Each structure stands twice: as C-alpha cells, then as structure tokens.
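Grab a pencil and let's work through a few exercises together. Try each task yourself before you read its solution.

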Amino acid sequence: MTLLIRDTTIVTGDEAGTIHYAAALAIEGNRIAAIGPDAELAARFPEAETVDGSGRVVFPGFANIHTHLGMTLARGVFEDLSPPHNPPFCGGLSPIPLPRLAPAEQAVMCQLGALEAIRSGTTALLEDASGIEDYAQQMVETGLRMVLAERCWDRAGAGIGDPAAFRRDAALGQAGLARMEALHRRWHGAGRGRIQVGIAAWAPDMCSPELLKAVDALNRKLDAVCTIHLNQIWGEVAAVQAHRGMLPSEYLDSIGFLNERLVAAHCRCMAPLEEKILGRHKVHVAFNAAIAARRGLSPRVCELEQAGCNIGMGTDNMAEDMVEVMRTGLFMERIRRQDGRSPTPEEALRWATRNGYRAMGVTDGGWLAEGNLADLVMLRTGRAHLAPFLRAVAVFVHQGQAADIDDVMVDGAWVMRDRVVLTMDEARVVREAEEIAGRAWARLFAENPGIAVPPGFRPL
C-alpha cells in the first residue's frame, strides 16, 4: 500500500535546501517513493491511502547521536551540579551518585527517555550505556531507529576527570568487551534492520591503551559505529595529561583509535591541535548543545567543521528534546563567533538531521529524497508562535517547540500520530517512572546521610 501525504509543504533538508510547496510525498514500504507537485503525485498514485498535510510541514526527523536514556532519573538534579572548570579536580560529573536501579526499573526510565525523544521529533538515536541488554527489547519496541552502543572501561575506583593514579582492572575491561559481543550477536539488525549495535569506550581517562586497542580491533571485526566521550570536562584533560603525558585526542591518535566510524561526544575542552587531529581522521563530533550550555562549556564547532569533522547533535543527559538542542546550538555558536548571522538555521537543521544520520552510518536517511528511508516528522503551523510561517526552516529553528510536532514516522511506520505515541503506553511509563524515581532517590539519601539533598527537592 502506498501512503500519500498531500497538499503540504516539504522541507527536504537536502544539500540545496530544497523546499516544496503545494506538494505531496509518497511512501512505499519503508522508503520515500516520490516527492513532487500535489496534483502530479495524486494522479500517479490514485489508489494510495492519503494523509491530509494541509496546514502542516514535513521535515526530516532528528538524529540524536549522543544520549543516555536512563539518565532521565536525574532530571532536574544533575543539571545544576557540574564539576568545576578549574583545578583541583577530583573526578565525576556530579557530587551526588546516580541511584541504583533494578533492570526492570532501568527499562522504564529508558522508555521515558524514548517517549520524550519521539515527542520532540527524534527518529534516530545513539544510546551509550552499560547493560543495554536489560532494556534492548523495550528499545526495539519503541519503533525508533537506534544505535545501541554498549560501553566498556578498565579503570577501577575512579570516575571521569580524576587525575589520581590510573589503576587498571583487566577483568573489568574484558567484561565490557564480552557484553558488546553478546549484545551484537543478539540484537544487531533487530526491528527489521532499525537497530544497530555499536560499541563505546567510556572516555580516554577511563580506558587503558590495551583496552582501547581491543575496542578498535572489535570495532573493525564488527564493522560497527564506535563512540567515546572526549574532552568532556577540564578534569578529563588534566587526568589524561597526568596518566599519558598527552592531550586526550593525542592519546587516542597515538594508539590508532581515531577513524571515520567514530563519534566523539562533546569535544568542548579542546586545544586547536586536537581539532586538527580529529579533522584529519574525519571523526564525527556530537555537539551536545543543551547540556554544554548548562555546564557552561562549548566546543568550537566552526573550527571542528573547518578541520574536517562532521558535526551532529545530541541531548546527552536528563533530556531528549532535540528542538531545544538545535536552537541552543545555533545560539551558542552565534555568541561564541560574535556573529548574528552564522551559523544559519539551515546549518543547525543539517547538524540535527542529515549529519547525525551520517554519523550513525545511515547514508540513506536524514533528508527527504526519493529512495531514502521514510523517517520524517510533521508539524502543525497554525499556532501563534509560528505565524506568519514565512521561512519554514528559520521559523522552526528559532521559534519551534517540541509540542508543534504532531506526527513521527520511522522506517515507513507511524510511531506518533496526532500527538499520540503508538508504540508505548505513555500513561503507564510516566506513572511508573515517577514511582521508581521517588523510591530510588529516597533510598539513596537514606543510605547516604552525608549527601546533602539539593534545594527544592520534593518530599520523599
């Protein structure tokens, strides 16, 4: 059955920035069959099931290339607990640990993140975590396109940004590699090919040269997407210099870890030399603008692009709203460049869509074109903050909200229709997530009376 979205505006997100007005888009199976004038496609596909696209705009879906879905548990908590940007550094991204969860509880928190992702127009995402096997089935059922990147590390007794001595636990690293291979065997290609299994090395200061070489060898064997946190905080830079006598990107380069299948997340505490190193290897960079702004840090996106990196975008922790990420990235770069015209809204949209698909190794998605994957969103324009809708990309990037997105399609199937998520029981997930979070935080504070409860925390 052909599906025909009629009488609409189509923002293709292609290289030329093509926008079709009074147009239609035909979908057959999981592919876009045609884009063109409405009357022409109506005549070409007379038996198609039709969707009224009037008063709506079709955009390519967002690709979130760096997130941790389970970190929804720390929503409203960790955003205000960033580590210092100046020495002395002691490690960790928050002075409060994340409460422990049972596997079933973790699955619910990840479903909550996926719900928010769908509601903000995300069609593809890269999940970086440990223990993904515990919730992989639920992620397949979301209907999203995903890279599930299982994480490994072999530094014991420390967190990111701790310049204390590196204590290697080889068994810890081997356990991570085993989890990667097991996840790949079971889940790679699931969901009719929507699910890829990737691999993740946690961070340069959390991985020995031996483990990084083993991860690289496994990556080549599996031909998978690989990711790593890189130059995330200044404590990480100090730790790698203390352990290896090099900057983080120099360290990765010295052992042959950098390549064009690697997604480097953050890159916001980086020397110009490192930007050139990443560019030379065509590394993909996840510009995680919203969490970067909350931490008071930012990568030099223009310089990374000029060096040869592909810039995508991610939400990282506690939130999954890619509309917010896209706009924040535009604002941050304009402030940093002291330029009110650069980057353009079209550039920001490309970072958040087409470039992200490229980073995930999906070469036939991220923009709307005949033959490409049918991953798209539809937003309604008849709203006060969007009118007058004169420049489609600019209005959406500057004024759009996640709530403007009414419909989300992934792989030719609707995962949200008229603001109703079709692949999950939203009310149940939200209710259970609230209950799980309440129990988990209450338990953490009860077991650790020395941890100060952040101001404004609800009674537990």
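**Exercise 1.** Work out what the surface of the protein chain in this predicted model is made of.

*Solution.* Start with the area: the protein chain exposes about 17,400 Å². Next, look at the atoms: carbon and sulfur supply 52% of that area. Then turn to the inside: of the 460 residues, 59% count as buried.

**Exercise 2.** Decide whether the radius of gyration of the protein chain agrees with that of a compact globule.

*Solution.* First, take the expected value: with 460 residues, a compact globule would have a radius of gyration near 23 Å. Now take the value for this chain, which is 22 Å, so the two agree. For a picture of the extent, the C-alpha atoms fill a box of roughly 70 × 50 × 45 Å along the principal axes.

**Exercise 3.** Find where the cis peptide bonds from P87 to P88 and from A387 to P388 sit.

*Solution.* Begin with P87 to P88, where omega is near 10 degrees. P88 lies in the loop between β6 (62-67) and α2 (103-119). Move on to A387 to P388, with omega near -5 degrees. P388 lies in the loop between β14 (376-380) and α14 (392-399).

**Exercise 4.** Place N231 in the chain and say whether N231 is buried or exposed.

*Solution.* Check the backbone first: phi of N231 is near 50 degrees, a positive value in a residue other than glycine. Then locate N231: you'll find it in the loop between β10 (226-230) and α6 (234-244). Last, use the cut-off: buried means under 20% relative accessible area. N231 has 0%, so N231 is buried.

Notes: Residues are numbered from 1 along each chain as its sequence is written. This is a predicted model: local features need pLDDT of at least 70, side-chain atom pairs count only at pLDDT 80 or more; totals for chains, interfaces and linings use all residues. Side-chain values use heavy atoms; hydrogens and water are left out. The radius of gyration is taken over C-alpha atoms; the globule rule is 2.2 Å times the number of residues to the power 0.38. Buried means under 20% relative accessible area, exposed over 50%, partly exposed in between (1.4 Å probe, protein chains only). Accessible areas come from the Shrake-Rupley method with a 1.4 Å probe; for residues, only the protein chains shown count as cover. Helices (H or I, at least four residues) and strands (E, at least two) are DSSP runs, numbered from the N terminus.
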